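Biologist: I should like to go through this model and ask, for each label, what it rests on. Please show the structure before we begin.

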Amino acid sequence: AVWNGPAKGWEGQLQDYGPLSLMPSAQALNYGQSIFEGMKARRTAKDRIVLFRPEMNASRMKDGARRLCMPEVPQHTFINAVEETVRANSEYVPPLGKGALYIRPLLFGSGPILGLAPAPSYTFVTYCAAVGSYFKGGQLKPIDLVVENKFHRAAPGGMGGTKAAGNYSAVLQIQRAANAKGFADVVYLDCKTDAYLEEVSACNIFVVKGRTIKTPPLTGTILPGVTRDSILQLARKRGYDVKEQPIPVVEALEADEIFTTGTAVVVSPVGSLTHKGKRRVYGGGVAPTPVGLELYGDLTAIQNEQTGDHFGWVHPVC
Ligand code: PMP
């Protein structure tokens, strides 16, 4: 679905997946006015297709738009576009438990501009593709992470808290180097002290010790994940002592378990964390660790409509 705007309101329609036509001077190509979202549509136990908390994605995109001087896409336009895209592609939504239809809403400055300024016009598109598990080896295979000691993902006062395209180009080199050494992904540290965990390239991070579950606070440098927020609520409901507070790397190395959360990764157990050449293995490194596994079960039972939707998170499409 492609929407152009917002001069006369956002007007859009469904069209076949294919190239978009842009001027070489399109703002997004030159100065990076581009933000996106990642969502999933799932076929559920009630044999319908549902989204998960889409209003959270709509509101995060609005926040990002303000930070990048872009017009906000209204929530109803955003959710309509996503729903239309899902309905038009419902045949590609995998069967229950076999993956999901990943949806990518994207807002960018498509209008031409030469000097450094916001674009004169914008394009909002949604496109989709069927996906399986994000990391190699299947959804619950523990992943090996490495702590990055040289580069940072986001600076205080920067754009780390938005889903800006540039945040992702900034990590490509780091991620590729880590992959070449056999790591699934990278854990970034804070810019100021290089002592505290921030997040992973495309997911948030949680650390478990006993009955305490911690995740780094939202101070503007990490993305406010929809899954992060959902896991915080599910963990509180389970009676864990849940804390959003800075986590020193040394604490993570001494934890019982670590897991990452995101729309793409869902809840992924961490099998090992390597910091300055030292490797700490969690739960033997081969099987998912128990707290992450329990919360993965709670989350996916709601997403797949295998249990009651107490929080009102499920959004039926068709
Ligand atoms: N951090 C980053 C940098 C991400 O790209 C993502 C994926 N959107 C997340 C965290 C997790 O966010 P969510 O749970 O909303 O997918």
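Biologist: Where is lysine 276 found?

Modeller: In this predicted model, lysine 276 is found in the loop between strand E15 and strand E16 (278–281).

Biologist: Why is lysine 276 called exposed?

Modeller: Lysine 276 has 8 other C-beta atoms within 10 Å. A residue is exposed if that count is 12 or fewer, and therefore lysine 276 is exposed.

Biologist: What is the sign of phi at lysine 276, and about how many degrees is it?

Modeller: Phi of lysine 276 is positive, at about 50 degrees, although the residue is not a glycine. Aspartate 194, in the loop between E9 and E10, also carries a positive phi, near 55 degrees, and is likewise a residue other than glycine.

Biologist: What makes aspartate 194 partly exposed?

Modeller: Aspartate 194 has 14 C-beta neighbours inside 10 Å. Exposed requires 12 or fewer, and buried requires 20 or more. The value for aspartate 194 falls in between, so the residue counts as partly exposed.

Biologist: In which element is lysine 278 placed, and why is this residue called exposed?

Modeller: Lysine 278 is in strand E16. Its count is 9 other C-beta atoms within 10 Å; since 12 or fewer is the condition, lysine 278 is exposed. The C-alpha atoms of lysine 278 and leucine 253 are separated by 9.5 Å, with their positions 25 residues apart along the chain.

Biologist: Why does arginine 66 count as exposed, with 12 other C-beta atoms within 10 Å?

Modeller: The condition reads 12 or fewer, so a count of 12 meets it and arginine 66 is exposed. Arginine 66 belongs to helix H2 (residues 54–67). Arginine 66 and threonine 162 are 96 residues apart in sequence, and their C-alpha atoms are 9.9 Å apart in space.

Biologist: What does UniProt place at Lys163?

Modeller: An unreviewed UniProt entry gives the feature "modified residue: N6-(pyridoxal phosphate)lysine" at Lys163. Lysine 163 lies in the loop between E8 and helix H4 (165–169).

Biologist: How do you know that lysine 163 is buried?

Modeller: There are 24 C-beta neighbours inside 10 Å of lysine 163. Buried requires 20 or more, and therefore lysine 163 qualifies. Not counting residues up to four places away in sequence, lysine 163 touches Ile35, Phe36, Glu37, Arg60, Gly64 and Leu223.

Biologist: Is glutamate 148 buried or exposed, and why?

Modeller: Glutamate 148 has 23 other C-beta atoms within 10 Å. As buried means 20 or more, glutamate 148 is buried. Its place is in the loop between E8 and H4. Leaving aside neighbours within four places in sequence, its contacts are Ile174, Val186, Val187, Tyr188 and Leu189.

Biologist: Why is phenylalanine 183 called partly exposed?

Modeller: Phenylalanine 183 has 19 C-beta neighbours inside 10 Å. Buried begins at 20, so phenylalanine 183 counts as partly exposed. This residue is in the loop between helix H5 (172–180) and E9. Its C-alpha atom and that of leucine 145 are separated by 5.5 Å, although the two residues are 38 apart along the chain.

Biologist: Which residues have the most contacts inside the largest nonpolar core?

Modeller: That core has 40 residues, and Leu145, Val187, Phe206, Ile231, Ile258, Leu295 and Leu299 have the most contacts inside it. Helix H8 (290–303) is among the elements that supply at least two residues of this core, and H8 gives the most, with five residues. A second, separate core of 34 residues includes Ala26, Ala28, Ile35 and Met61.

Biologist: Which residues come nearest to the ligand?

Modeller: Of the 13 residues around the ligand, Gly225, Val226, Thr227, Gly262 and Thr263 come nearest. Helix H6 (226–237) gives the most to this shell, with three residues. By class, the shell has four nonpolar, seven polar and two charged residues.

Biologist: What confidence values accompany the model?

Modeller: The mean pLDDT of the chain is 96, and 99% of its residues reach 70 or more. For the complex, the predictor gives an ipTM of 0.99 and a pTM of 0.97.

Key. Residues are numbered from 1 along each chain as its sequence is written. This is a predicted model: local features need pLDDT of at least 70, side-chain atom pairs count only at pLDDT 80 or more; totals for chains, interfaces and linings use all residues. A residue is near a molecule or strand if its C-beta atom, placed from the backbone, lies within 6 Å of it. Helices (H or I, at least four residues) and strands (E, at least two) are DSSP runs, numbered from the N terminus. Ala, Val, Leu, Ile, Met, Phe, Trp, Tyr, Cys and Pro count as nonpolar, Asp, Glu, Lys and Arg as charged, and the others, Gly among them, as polar. A nonpolar core is a set of buried Ala, Val, Leu, Ile, Met, Phe, Trp, Tyr and Cys residues joined through C-beta atoms within 7 Å. pLDDT is the predictor's confidence in each residue, from 0 to 100. UniProt positions are given in the numbering used here, feature names are shortened, and annotations may be inferred rather than shown by experiment. Two residues are in contact if their C-beta atoms, placed from the backbone, lie within 7 Å.
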